[in-house]
Structures are given as structure tokens and as C-alpha cells.
Amino acid sequence: MSEYQVNDKGYYGNFGGAYVPEMLYPNVEELQQQYLQIIQRSDFREEFDQLLRDYVGRPSPLYFAKRLSERYNANIFLKREDLNHTGAHKINNTIGQILLAERLGKKRIIAETGAGQHGVATATVCALKGLQCVVYMGAIDIERQAPNVARMKMMGAEVIAATSGSRTLKDATNEALRDWINNPVDTHYIIGSVVGPHPYPDMVARFQSVISAETRKQLLEKTGRETPDYALACVGGGSNAAGMFYHFLDEPSVSLVAVEAAGKGVHSGESAATTVLGREGVLHGSRSIVMQTDDGQVVEPYSISAGLDYPGIGPQHAWLHKTGRATYACITDDEAMRAGLLLTRLEGIIPAIESAHALAQLEKMVFKGGENVVVCLSGRGDKDLDNYMKYFGF
Ligand SMILES: Cc1ncc(COP(=O)(O)O)c(C=O)c1O
């Protein structure tokens, strides 16, 4: 087994595990005992593959970005998760988890959401399957992300405002956990990234691993080699990066580059650069790297992109960082916004601001010429148009 994958105790090196209140043991244990068995069954695989194909629109294209390649003197390929139904990679995971929930006999789904992308992806699969859906969202995020709130409601989800604390993602997550404690039997909690107690980080990474599985095949067709020289992805909790890296982890010739949000500058006090600013600690049920004060209070993160605005990273990323298997870089708001506009002008593709962080890293890399570089374009920029307009004054 790969040293970069979860071990049978739910750890990546010294990161991971399941640090949950006693009241949640039964829920988490049920998942731990059943998830692998269920998701490896042929009825699950067949339905998962069919929905990814016919409903999500997979395989997503691997697009050779010619003009971007000329600019950076390398062969740049974009893995087009932005073309998925609902506009981002998040749907790969929610399809997987709704099929699991069905097989566990759950009738009610809860989720937390920050930017609303994961909430929309969850409401979508609940509509698809006719299951009740409750999404917790910080009161401030509800104001900031009105179109996504409308989408969730249109699909029949109930959106509940988290009004405690900073009224953002972290508070919504706490509310969702509280709900799960109170409804242990009929409810499944769909976590939206490779975070949370074991088995969530591994389970979500497996669902997102379709990204690198497809990339290998597509690269072989386009370049004659299954592996790129570099694979890049942005990291909030880390699910699109985990999916992009999954099938390259044990290929030392592939340099893995994860990009975090540096907000207004790594040391500005307004950033989400966890690997630079964080220390080891427990957040949302697993041991990882966490932005925290000296006495262990979680620090409020900041990024212009709501999806990267998270004070931790998934435990697998903490391990990839510690072992040096992947490089963790960070990109400021300004650098990301410029990269988003550049892709729009050079290729006619408006990226999500989250994905623009990964693109901005290309500016900082020096290529000899001829290297094959894959960037995970995790989502489309429609949800960010207001932000782009305001920033550039269009
Ligand atoms: C388009 C997009 N990319 C990336 C992310 C970050 O999440 P993750 O790090 O789990 O991929 C989000 C989160 O909402 C997103 O919407």
C-alpha cells in the first residue's frame, strides 16, 4: 500500500484519525465499517460510473491550452472540471456520497457550505434521488452568495443560517455536526472536502480520484505518456487537489504542486495559507495542520475566494507537506485575480477564483520548454462574476 494513502487505522503518518464527541461514535463507526465494502460493490460502481457519465458529463475534457502554453514555454493542459454539471468538481463527491447514503438506508441528508458550491452539489443529488436535504450556511455567506442560496432552495433544500461565531463556514460545520448528533439513525452528513473524521478524507479522495484516472488516459492519447511532469491544483480543504494527485502519488517523476490562498499577503493577518501559518492540531474531527493562536483558538482565515477560505487542510495534505511529496505554494488575491483575467483573455475561459490560484502559480515557475503540465480547473467563474467586475472595475 502507498505510504501516502490512509492506513487501516485511519491515519496518514501522524495525521487523520477520528476525533469526535462520544455522541458521534456510532455514526462515524458505521461509516468506517461499511464505506469500503459498499463503494467497491459492482452495483455501486456501475451506478456511480453511469451517473458521472450521463448526469455529470464525464469524462471532463483535458484541454491543451495553446496560447497559455506559448506564454509559459511549457505544454499546459487544463483538466476541465468547470464543465461538470453544477460547474465544479464538488459533484463527483456528492454523487458518490448520495449513493452510499442510499445503500445505508438514510432518508435525510445534511451538509455544510461556505461559497455554496458544495451546498448546490448536495441539493442537486438530493433532488436527483428524492431525499430530504438540509444545508447549513453561515449567515454572512448567505448574504454573499445569494445566487447559490436560490439554487439550493429551487432544488427543494432547506438552507439554515448559522448565526453563531463569525457566521461563516466553520460555524455552519459546527451546526451540521450538532444536527448529526441529534439525528444519528436516519441522517447522512455529506462533507464537501477531504476533511473531517476518518473515513471522510479517504472516501472523498476516492470519489475525486476520477480526475487523475481520466487525466492519465487522456495524457497518454495526447502526449504518448500517462504522466505529466507537473500536476497543479488549488487547496481549500483539498479535495480537487487530492483527486488530481491520487493516481500520481507513487510516481516520483510527477511534481505535485498544491496552491493555497495567501489572501492579502501571507503575513498580512488576512490569509488562508495554512501550511505556512498553521501548526499541528485537531480541526473538524481530524489531526492536521491548523491556523491557530498560541492557546489553540482557530484563527479566522481570509481569501477573496470563499472556497479557499478555510483554516486547515485535509490530513493527507498535511502528510504530503510533511514528507515533501507535494510542494505547497501560496498565491495572493491580486495574483489570482490577474491569472483569472489572463486565462479569460488568452483562452476564453472564465475560471472560478479558486482555480485561478492554481493558474497563478504558473507565473512563478520556470520551464525549460517541452514539460507537460496539468492544471486542475476545479470550477467555472460564473459564480464569481460580481467579484471580477468589482475588482477590475468593468
Ligand atoms: C471551484 C472550487 N475550487 C476549489 C474549491 C476548494 O475546495 P477543495 O480544496 O476541497 O477542492 C472550491 C470550494 O468550494 C470550489 O468551489
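**View 1. Welcome to the ligand site, starting at His-89.** In this close-up of a predicted model, a polar atom in the side chain of His-89 sits 2.9 Å from an oxygen atom of the ligand. Gly-236 also comes up to a ligand oxygen, this time with a backbone N or O atom, at 2.7 Å. Beside it in the sequence is Gly-237, with a polar backbone atom 3.3 Å from an oxygen atom of the ligand. Taken on its own, the ligand has 390 Å² of accessible area, and the protein covers 96% of that. How many residues surround the ligand? There are 17, and the closest are Ser-193, Gly-236, Gly-238, Ser-239 and Ser-378.

**View 2. Here is Lys-90, a residue with an annotation.** An unreviewed UniProt entry places the feature "modified residue: N6-(pyridoxal phosphate)lysine" at Lys-90. You can find Lys-90 in helix α4, which covers residues 90–103. Is Lys-90 buried or exposed? Its relative accessible area is 18%, and because buried means under 20%, Lys-90 counts as buried. Setting aside residues within four places in sequence, the contacts of Lys-90 are Gln-117, His-118, Ala-121, Gly-192, Ser-193, Gln-208 and Ser-239. Two of these names may be familiar from the first view: Ser-193 and Ser-239 are among the residues closest to the ligand.

**View 3. Next comes Asp-202 and its partners.** Asp-202 belongs to helix α9, made up of residues 200–208. With a relative accessibility of 2%, Asp-202 is buried. Which side chain makes a polar contact with that of Asp-202? Look for Arg-206, where the two side chains meet at 2.9 Å. An α-helix has 3.6 residues a turn, so residues three or four places apart point the same way. Beyond its neighbours within four places in sequence, Asp-202 is in contact with Gln-5, Val-6, Tyr-12 and Tyr-35.

**View 4. Two strands, β9 and β10, run side by side.** Strand β9 spans residues 230–234 and runs parallel to β10, with five bridges joining them. To get your bearings, pick out Leu-232, which stands opposite Val-257 in β10. Strand β10 itself takes in residues 255–263. Eight of the nine residues of β10 are buried, so this strand is mostly covered.

**View 5. Meet Glu-280 and the residues around it.** Glu-280 is part of strand β11, residues 279–283. Its relative accessibility is 34%, which makes Glu-280 partly exposed. Two polar contacts can be traced from its side chain. One joins Glu-280 to the side chain of Asn-14 at 3.3 Å, and another reaches the side chain of Arg-287 at 3.5 Å. Residues up to four places away in sequence aside, Glu-280 touches Asn-14, Phe-15, Arg-287, Ser-288, Ile-289, Gln-292 and Lys-322. How far apart in space are Glu-280 and Val-290, C-alpha to C-alpha? The distance is 6.0 Å, while in sequence the two are ten residues apart.

**View 6. We finish at helix α15.** This helix consists of residues 353–360. Why is α15 described as largely enclosed by the rest of the structure? Eight of its eight residues are buried, so the surrounding structure largely encloses this helix. To follow α15 along its length, begin with Ile-353, Glu-354, Ser-355 and Ala-356, then continue through His-357, Ala-358, Leu-359 and Ala-360, each of them buried.

Key
Residues are numbered from 1 along each chain as its sequence is written. This is a predicted model: local features need pLDDT of at least 70, side-chain atom pairs count only at pLDDT 80 or more; totals for chains, interfaces and linings use all residues. Side-chain values use heavy atoms; hydrogens and water are left out. UniProt positions are given in the numbering used here, feature names are shortened, and annotations may be inferred rather than shown by experiment. Helices (H or I, at least four residues) and strands (E, at least two) are DSSP runs, numbered from the N terminus. Buried means under 20% relative accessible area, exposed over 50%, partly exposed in between (1.4 Å probe, protein chains only). Contact means heavy atoms within 4.5 Å. A residue is near a molecule or strand if one of its heavy atoms lies within 4 Å of it. A polar contact is a pair of N or O atoms within 3.5 Å; within protein, one must be able to donate a hydrogen and the other to accept it, and residues adjacent in sequence count only if both atoms are side-chain atoms. Accessible areas come from the Shrake-Rupley method with a 1.4 Å probe; for residues, only the protein chains shown count as cover. Two strands pair if DSSP finds at least two bridges between them.
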